[in-house]
Amino acid sequence: MAARYVSIWFRYLKTDWCSLDRPHLKTVPFVLRAPSHGRMVIVATNEYARAKGIRIGDVLADARALVPGLEVLDDVPGVWDKLLRRLAEWCIRFTPIVAVDPPDGLLLDATGCAHLWGGEGQYLAAIQNGLLNKGYDVRVGMAETPLVAWGVARYAVSTLVPAGQNTEALLALPVEALRLEFEIADRLRRLGLHKVRQFISIPRPSLRRRFGTEFLRQLDLALGRESVPLEPVIPIEPYREQLPCLEPVLTLPGIEIVLRELLDRLCTRLEKEQKGLRTAVFKGYRVDGKWVQIEIATSMATRNRDHVFNLFALRFSSLEPGMGIELFILEAPKVEPYAPQQEKMWDSSGGLDDVRLAELIDRLGNRVGASRIRRYLPDEHHWPERSIKLATSLQEKPMTTWPSDKPRPLQLLDPPERIEVTAPIPDYPPMLFRYSGKLHQVTRADGPERIEREWWIEKGRHRDYYCVEDEDGHRYWLFRLGHYDDEQSSEWFMHGFFA
Amino acid sequence: MQVSTADRIKDLRAHIMRLEGFRPASGSWPGTGTSSFPWQSFPVGAVHELLCSEMTDLSPTAGFIAGLLSHLNGNKDVILWISASRNLFPSALAPFGLRPDCVIFLDAVRERDVAWAMEEALKCPALSAVVGEIRDLDFTASRRLQLAVEKSCVTGFVIRKNPRTITTTACVSRWRITSLPSASDDQLPGLGFPVWKVELLKMRNGQPGCWIVRWMNEQFIEERSHVAAALGERKAV
C-alpha cells in the first residue's frame, strides 16, 4: 500500500486561538504584536486584517494607519508549541501517528486510515470540520509524501492528491512548496523558474552546482526517494489507578488495604518517570450508584507512600462506604518532576529544605487549610502593613535583608484602633491616652517617625508614629493621622505593642 | 569502690531526666548557673508554660521566647508559631535575633486545632521549637505534648492567653513575664532597652526564681539594681 500523509495548515493559528475566548475579535481586523529592534512588529494577523493588506512583519504603527480600528494584543511567546502539541493530541483520533510541524502545522501519517471515514475526501473533510468546530481555520492536504502534502495544503487549489499522482501534483506546485530557504527560492524565481515543472528535468549535477545539496534533498523528499521519520506525539497517560473489588468493601481495614495497593502502583509508576504528585484524589464507587471521594494536596512533590497514605488517613472519616464500595480509583491530577534525593547518613540538618518539615506542613495544612500556614519575607515598602509579604514556598529566600533600624512592635494591630489622646501641639508626643477603657499616663516617649503614604498605591494622609511607655512599663506604638488642621480634628490610633 | 546512696540517686535522677527529653542548653539567660534549673542550665527538649493573664503581657512573653530561641538555635532552624488569633508582626522578631523568614505561622480557625497542631508539630524533629498560644490546657493535653517531646527533643512553649483556670499541667516549668519601665544607662530621654520581670513560678527538678532582665545587644542582661526592689514588691504581694 502506498504511504499517505496529511498535512494540516493552521492559516491563522495564533489569532484563531486568541479569539476563542474573545468572540468579538472574530469579525474585526485583529493582529498580535511583539517588540523587535525597538519597535512593535506584527507577528500574526487574522483573516480580516490580512484582507485589509496587513502582513506579518509590518510595523504596528503603519498597520494602525492603514486600519484605524485595528484590534491589537500582545504576543505570548512559548504558548504556541504547547498549543500545537495539544492540537496534535486531539488529532490522534484520526490516525495513531501525529507529528508537530512547527511553526503552524501538523503532519499525520494517514496510511490505511482513510477508508474508516469512507474515503479520502470524507477523511479530509472530517479533519477540516473537526478543527473548524474547535475554532481553527485550516487547509488540509493529502499526498504520498509529507512534503507534497505540505505543499498542496498551502499552495494548490485541489488539496487531495490521489494515489499515484504524486509527481504530477508536485510538478504543478510553485517553488516555495519545496520548503526551500528563502535565498534559494529567490534565486530560482529570478532565473524564471516559478514552478517545479520547469526545473525537474534539469540534470542533477547542474542543479547541485547552482542550488546546493540541500535543494536536491528537498526534491528527493518530495518525490519519495528519501524519507524522514516522523516524531509522533505520545499523549501522557493520566496518572490513574483503579481497583475493582469482587465483594463490596465496607470496613476501614479493607479501604486501607485498597489504598495501599493503589498507592504502591501509582508510586511505582511515578518512580519510573522521576515524578512526584502534588494532588491526589481517592474515589470510591458505591453499590448504590453514588460515589465518594477524598482529596489531598502536598506542599512539594512527593512519592513517599507512607506520607501520602497518612494524609489520606486524616480524611478517612469523611469517606462513607454506605452499602459498600465496589470500585476504587486513585488519581493524581497534578504531578511535577521530582528528582530523587540523596539519602543522607546523618539527617539532622533541619532547616527549611527538610523533607520531614514539608511532610509536617502537609499534614497540618490538610486539616486546618494550606492557606492558613504562612511564612513571611521582607518586602520593599515602608508602610508597615506592606513591609512583609507572604512567601510562596518553603524554599523561597528573602530578596532583601530584614530591616532592623527602626523600632517595630512585636504585636501589630490590624486594623489600627482608634484612641483618645491628649497631646501638646505641635508634634509633641502624647501626655495621656485612653485605650480600651483605661487611662494611660505617658512617662517616656520617642518620635515622631513620619511614614508617608505610598502615593503610587493609595491616597490618604501620612502617619506620625510615636513609641510611648506608660507608668506601668507597657510600651505602645501610636500614630496620628495627618497634620494638625483647622478643618479636621486629629485622629490618633493604637497600632501595636512593643515587648 | 563504694558508691554512696546519695550519688546513686543523683545518677538515677539524671537518667530519668534524660529519658524525659531534658537537654541542658548552652548560652546565657536569666538564672543560668543557679539552682533554678536542673544542670544549672535552661532545659530544652521540654514543654514550658508561660502565663499571660493580661493582654499586655503578651508582647513581653513573645519577646522573651524570641530571645530564648535566638540563643537556643542555630541561625537556620525552623520555628513553628501556632495561634488562633495572632497579632505577631514577623519583622519585629529580627531585633530579637531570630530570622523571621525561618518562622512558620499557623493561624488556626478553631482553638482546638491549636492543641492538635502543636502535638503534631512537636513530633517532628525537623523543627527546633514550637510555640502555641493555647487558652485552656488540661492535664491530659499537656501530658500528650510532653510525650511528643520526649521522642523528638523539640522545645515547646505554651503561651496561656487569659487562662480561665490555672491547673496542674505536665509542663516542665511555668513562667510569667511582665514588662517594667525601660532602661537606659545614661539617662537619655525616650524609650530605652526593654526590661522584663521574669518570674519562674515552677520548675521541675529546680527552684523557682525571679529576675529583672534587660534585653540589650541581642542578650539578656540581669539588672542587679532592680532585684531588691522587685523582691520587696513580691513579698508585699
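This tour moves through a predicted model of two chains, A and B, one selection at a time.

Residues are numbered from 1 along each chain as its sequence is written, while chains are lettered from A and ligands numbered from 1 in the order in which they are written. Because the model is predicted, local features need pLDDT of at least 70 and side-chain atom pairs count only at pLDDT 80 or more, whereas totals for chains, interfaces and linings use all residues.

**The two chains**

Select chain A, which holds 13 helices and 19 strands; here helices (H or I, at least four residues) and strands (E, at least two) are DSSP runs, numbered from the N terminus. Of its 499 residues, 32% count as buried, a residue being buried if 20 or more other C-beta atoms lie within 10 Å of its own, exposed if 12 or fewer, and partly exposed in between, with C-beta atoms placed from the backbone. Among contacts in chain A with a separation of 6 or more, 52% come from residues 24 or more positions apart, where two residues are in contact if their C-beta atoms, placed from the backbone, lie within 7 Å.

Then select chain B, whose secondary structure comes to five helices and 11 strands. Of the 237 residues of chain B, 47% count as buried, and 68% of the contacts in chain B between residues at least 6 apart in sequence join residues at least 24 apart.

**Where the chains meet**

Show both chains together: the contact takes 42 residues from chain B and 44 residues from chain A. On the side of chain B that touches chain A, helix 2, strand 5 (103-107), helix 3 (111-122), strand 6 (127-134) and strand 8 (173-183) of chain B each supply at least two residues, and the largest share, five residues, comes from helix 2 of chain B. The residues of this side divide into 27 nonpolar, nine polar and six charged; Ala, Val, Leu, Ile, Met, Phe, Trp, Tyr, Cys and Pro count as nonpolar, Asp, Glu, Lys and Arg as charged, and the others, Gly among them, as polar.

Next, display the backbone of strand 12 (residues 373-378) of chain A beside strand 5 of chain B, which pair in the antiparallel sense over three bridges; two strands pair if DSSP finds at least two bridges between them. Within this pairing, A:Arg375 has B:Ile104 as its bridge partner.

**The nonpolar cores**

Now colour the largest nonpolar core, in which B:Ile79, B:Leu80, B:Ile82, B:Leu106, B:Ala121, B:Leu127 and B:Val130 touch the most other members out of 96 residues; such a core is a set of buried Ala, Val, Leu, Ile, Met, Phe, Trp, Tyr and Cys residues joined through C-beta atoms within 7 Å. Helix 2 (residues 58-72) of chain B gives the most to this core, with seven residues. Centre on B:Leu106 and, leaving aside residues up to four places away in sequence, you will find that B:Leu106 touches A:Leu364, A:Val368, A:Arg372 and A:Ile373 as well as B:Leu80, B:Ile82 and B:Ala117. A second, separate core has 60 residues, including A:Val31, A:Ala88, A:Phe94 and A:Leu131.

**An open sheet in chain A**

Select strands 3, 2 and 4 of chain A, which in that order form an open sheet with mixed pairing. Its edges are strand 3 (39-45) and strand 4 (71-74) of chain A, each pairing on one side only. Six bridges join strand 2 (residues 30-36) of chain A to the antiparallel strand 3 of chain A, and A:Leu32 stands opposite A:Ala44 in strand 3 of chain A.

**A helix with one buried face**

Go to helix 12 (residues 305-313) of chain A, where A:Val308, A:Leu311 and A:Phe312 are buried. Seen down the axis of helix 12 of chain A, its buried residues fall within an arc of 100° (taken over the directions from the helix axis to the C-beta atoms), so they line one face of the helix. Their cover includes helix 11 (252-272), strand 9 (275-286), strand 10 (291-302) and helix 13 (355-368) of chain A.

**The closed barrel**

Finish with strands 14 to 19 of chain A, where a closed barrel of six strands runs 14-15-16-17-18-19 with antiparallel pairing. Strand 17 (residues 463-470) and strand 18 (residues 475-481) of chain A pair over seven bridges, among them one between A:Val468 and A:Tyr476. These two strands form a hairpin with four residues between them, and A:Gly473 in the turn has a positive phi of about 90°. On to strand 19 (residues 491-497) of chain A, which pairs with strand 18 of chain A over six bridges; here A:Leu478 stands opposite A:Met494. Six of the seven residues of strand 18 of chain A are buried, so strand 18 is largely enclosed by the rest of the structure.
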